[in-house]
There are 2 protein chains.
Amino acid sequence: MEKISIGLLGLGTVGSGVVKVIRNHQDKLVHGVGCPVGIKKILVQDSAKSREVVVDQELVTLDPNEIVDDPAIDIIVEVMGGIEETRKLLLRALEKKKHVVTANKDLMALHGPELLETASKNGCDLFYEASVAGGIPILRSVADGFASDRIHKIIGIVNGTTNYILTKMSDEGKSYEEALNEAQKLGFAESDPEADVEGIDAARKMAILSTLGFSMNVGLHDVRFKGITNISQQDIEYGKRLGYTMKLIGVAERDGEKIDVTVQPALVTDSHPLAAVKNENNAVYVYGEAVGETMFYGPGAGSLPTATAVVSDLVGVMRNMRLGVNGHSAAFPQFTKKMMEADEVFKKYFIRLVVEDEVGTLAEVTTLFSKEGISVEKIWQNPTRGSISEIVLVTHKASRKSFQDILVELNDSSVVKHVGSYYRIEI
Amino acid sequence: MEKISIGLLGLGTVGSGVVKVIRNHQDKLVHGVGCPVGIKKILVQDSAKSREVVVDQELVTLDPNEIVDDPAIDIIVEVMGGIEETRKLLLRALEKKKHVVTANKDLMALHGPELLETASKNGCDLFYEASVAGGIPILRSVADGFASDRIHKIIGIVNGTTNYILTKMSDEGKSYEEALNEAQKLGFAESDPEADVEGIDAARKMAILSTLGFSMNVGLHDVRFKGITNISQQDIEYGKRLGYTMKLIGVAERDGEKIDVTVQPALVTDSHPLAAVKNENNAVYVYGEAVGETMFYGPGAGSLPTATAVVSDLVGVMRNMRLGVNGHSAAFPQFTKKMMEADEVFKKYFIRLVVEDEVGTLAEVTTLFSKEGISVEKIWQNPTRGSISEIVLVTHKASRKSFQDILVELNDSSVVKHVGSYYRIEI
């Protein structure tokens, strides 16, 4: 090969980073790949827009076909986002035997299997390391590093935006709205933050991670997820008093042949390293039967970290091109997916209850729990205001089903005025 | 390929783990590789010895030639240790077109370039992930994950034995001898602990990591290393009072074209996550220009974690065999090695001095430092015993040369009775 030509779809935050990384590390790329690497065309939405990097106007196009139909382009780097249009474009590119590197977790969580299959059929590589945990090479580690181990649990903080917001709420006492505002000003949150704050982004990443980790086809619809929009400062404070930190936690776990994948705000023991993962950083724990506990930590987002992951994937594609072995890297799921039932997942829970401040209330509440077979680990009562009192309970491990049942019973109970917020205690 | 046959050199702790992992995860291996994987011969030193795993006596041999000369064996897994004999054996295996997976850091740090070149010439793979940080896929991450980034610093705890000893000394107040004894009883330290406690093992790993990270041929002789045998309980206590934890730290750093690689007991700020890496665990921070800070954490040693790394490498070799592309994975150094001089490495230092308890002593000592251009950040004086007093100083950043010079001057000074221990403050 004399030269490898890239078509870049998108020149936003990550796209600009990709241009910079390819420019700045050209010597390392030439050494690793064996020939120069250049960007031949760049798709933009608005050619007049001023950008973080200066690019030759001749490279820029508004028409994706100019890239997908160009026979001189070897690899497509997709950093434009979007789902349906992007899916069609990439399928067409793969059918024209172009390799694809993408940072698009939305697309991979929804259409990963279809795209990977099309790539494989056409002898093309489709790499997507940048779609999960930006600068941390976690997909590679899960796929290759533990190729010989059986992973039984993956737990982590995989969304930088929500972790930034929760850090500000927790460490600086900011309200959710203040923290979100600040994150938006600093570019850590989008102007429409829904996908992040509702947990959708994290759920997509957990779907991708569990697909690789458990070798099952896990889609977004398999992930039970909940966002951070209803967390109050009080929840965080009460958590602290009991020794916990609030985080948006993704958990994928396997028990025998069944799995459970969730994303939700949860409490983490203060002394656990996950509690110390601050701001926009990500951290993922992987538990293997043989290897035990390993952890990967790093920037979860940002222009250059994500671009580095994209360009490392590019290097992988180009090495395969040199050896003529593209299209063999995809690991197709080995197992049929089976999800755990509500009575098969056991967790500790934190729950707030507003109760009548009367003699015997506490006994009545704890009796309800014990009838449901849930034992209480900690209980803590807030000073009374008038005839109303608030109690916070931490349970021992209980099944999701038992916990759902106790919620119903607490709502029906005459001594409980109001069932407040509740969270899993994850670790 | 109908079946892949492995020759196993060594059936100690790691070798037994390899047998177990291959047996327990045969289904995952078949799925990943496309054919069954079996161990055809095992080299042992004593065929009568009882072991952690039961193996068919027919597989066992005392003669390495039976493995290296067997044309039916495709891959050699070397977990027997040793240097000169092992080097010859592996060179011969590579010349007979057998791929090699090794966990032997001693061998790789000393003869890595020769072995990798021989492998490449013969179209063979030579993988050695297990040689550094057992269960953490750190070499893969440095080589592939950051293929597009420029790494400027690698810092970490890469020896489990010494970290175990220092944890016990620090957290439980044990003496060095007590902690070493305990580590030996639990199998975390060898009966001859020299390579670990003198920092040689960690230095070998740092040589391997910097060779990959900086793309230069870094050998053991390029690493300045020091062990933990002279650390006193008092050093640890004084460090604690000033907010530091004692660790055996490996550091590889680059400034422009020059590098510096060291292993030494050093102080780490208590709030830094490295301070919280306990017992036999390892953690490695990698700093890339684009990606920023990333961290990898996990078990640094142990039978199954290390075996998992070995078998993951095996899977890599076997996938390459299926594609017919063995012998292309080695990344040969791109740059000529240049080491930093003593006046180019800047660090903060902690130093203990025994001085005369007289008016003006403190002023005289600090004047010595300031004449050498070293400013003092913290100073702390121990209650006097008789006419003798001890002071502990923490400097701002100073070059290694300045610090060596001040050591000479302190030794010559009439007010300093004795220059005690000193440590770099690494992070």
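Here are some worked exercises on a predicted model with chains A and B.

**Exercise 1. The chain contact**

Work out how many residues each chain puts into the contact, and which element of chain B gives the most.

*Solution.*
- Step 1: start with the totals. Chain A supplies 43 residues and chain B supplies 44 residues.
- Step 2: break the chain B side into elements. Those giving two or more residues are helix 2 (26–33), helix 6 (138–145), strand 12 (292–299) and helix 12 (303–323) of chain B.
- Step 3: pick the top contributor. That's helix 12 of chain B, with 10 residues.
- Step 4: sort the chain B side by residue type. You get 22 nonpolar, 16 polar and 6 charged residues.

**Exercise 2. Strands across the chains**

Find how strand 12 of chain A and strand 12 of chain B run relative to each other, parallel or antiparallel.

*Solution.*
- Step 1: count the links. Strand 12 (residues 292–299) of chain A is joined to strand 12 of chain B by 3 bridges.
- Step 2: read off the sense, which is antiparallel.
- Step 3: grab a residue pair to check by eye. Tyr297(B), in strand 12 of chain B, sits opposite Met295(A).

**Exercise 3. The open sheet of chain A**

Explain why strand 3 and strand 6 of chain A each have one side without a neighbour in the sheet.

*Solution.*
- Step 1: lay out the sheet. In chain A, 6 strands pair in parallel to make an open sheet, in the order 3-2-1-4-5-6.
- Step 2: look at the ends. Strand 3 (60–61) and strand 6 (126–127) of chain A are at the edges with a single partner strand each, so one side of each has no neighbour in the sheet.
- Step 3: follow one edge inward. Strand 6 of chain A pairs with strand 5 (residues 99–102) of chain A through 2 bridges, in the parallel sense. Within that pairing, Leu126(A) of strand 6 is the bridge partner of Val100(A).
- Step 4: add the helix. Helix 1 (residues 13–24) of chain A packs on this sheet and touches strand 1 (4–9), strand 2 (37–43) and strand 4 (75–78) of chain A. The directions of helix 1 and strand 2 of chain A make an angle of about 160°.

**Exercise 4. Strand 11 in both chains**

Decide from the residue counts whether strand 11 of chain A is enclosed or open, then trace its partners.

*Solution.*
- Step 1: apply the burial cut-off, 20 or more other C-beta atoms within 10 Å. In strand 11 (residues 281–288) of chain A, 7 of the 8 residues are buried, so the strand is largely enclosed by the rest of the structure.
- Step 2: take one partner. Strand 7 (residues 151–157) of chain A runs antiparallel to strand 11 of chain A, with 6 bridges between them. Ile154(A) faces Val286(A) of strand 11 there.
- Step 3: take another. Strand 12 of chain A pairs antiparallel with strand 11 of chain A over 8 bridges, with Asn281(A) and Pro299(A) as bridge partners. The two strands form a hairpin, with 3 residues between them.
- Step 4: repeat for chain B. Strand 11 (residues 281–288) of chain B also has 7 of its 8 residues buried. Strand 7 of chain B pairs with strand 11 of chain B over 6 bridges, and a hairpin with 3 residues leads from strand 11 to strand 12 of chain B.

**Exercise 5. Inside the core**

Name the residues with the most contacts in the largest nonpolar core, and list what Val18(B) touches.

*Solution.*
- Step 1: get the core. The largest one has 262 residues.
- Step 2: pull out the residues with the most contacts inside the core: Val18(A), Val77(A), Val310(A), Val18(B), Val77(B) and Val310(B).
- Step 3: zoom in on Val18(B), ignoring neighbours within four places in sequence. Its contacts are Leu8(B), Val77(B), Val79(B), Ala307(B), Val310(B) and Val311(B).

**Exercise 6. An unusual phi**

Determine where Lys97(A) sits, and what sign its phi has, positive or negative.

*Solution.*
- Step 1: recall the background. Most residues other than glycine have a negative phi.
- Step 2: check the angle. Lys97(A) isn't a glycine, yet its phi is positive, about 65°.
- Step 3: locate the residue. Lys97(A) belongs to the loop between helix 4 (84–95) and strand 5 of chain A.
- Step 4: judge its exposure. Lys97(A) has 13 other C-beta atoms within 10 Å, so this residue is partly exposed.
- Step 5: try chain B. Lys97(B) has a positive phi near 65°, and Lys97(B) is partly exposed with 13 C-beta neighbours inside 10 Å.

Technical notes: Residues are numbered from 1 along each chain as its sequence is written. Chains are lettered from A and ligands numbered from 1 in the order in which they are written. This is a predicted model: local features need pLDDT of at least 70, side-chain atom pairs count only at pLDDT 80 or more; totals for chains, interfaces and linings use all residues. Two residues are in contact if their C-beta atoms, placed from the backbone, lie within 7 Å. Helices (H or I, at least four residues) and strands (E, at least two) are DSSP runs, numbered from the N terminus. Ala, Val, Leu, Ile, Met, Phe, Trp, Tyr, Cys and Pro count as nonpolar, Asp, Glu, Lys and Arg as charged, and the others, Gly among them, as polar. Two strands pair if DSSP finds at least two bridges between them. Axes are lines fitted to C-alpha atoms, for helices over the stretch in contact, and angles run from 0 to 180 degrees between N-to-C directions. A residue is buried if 20 or more other C-beta atoms lie within 10 Å of its own, exposed if 12 or fewer, and partly exposed in between; C-beta atoms are placed from the backbone. A nonpolar core is a set of buried Ala, Val, Leu, Ile, Met, Phe, Trp, Tyr and Cys residues joined through C-beta atoms within 7 Å.
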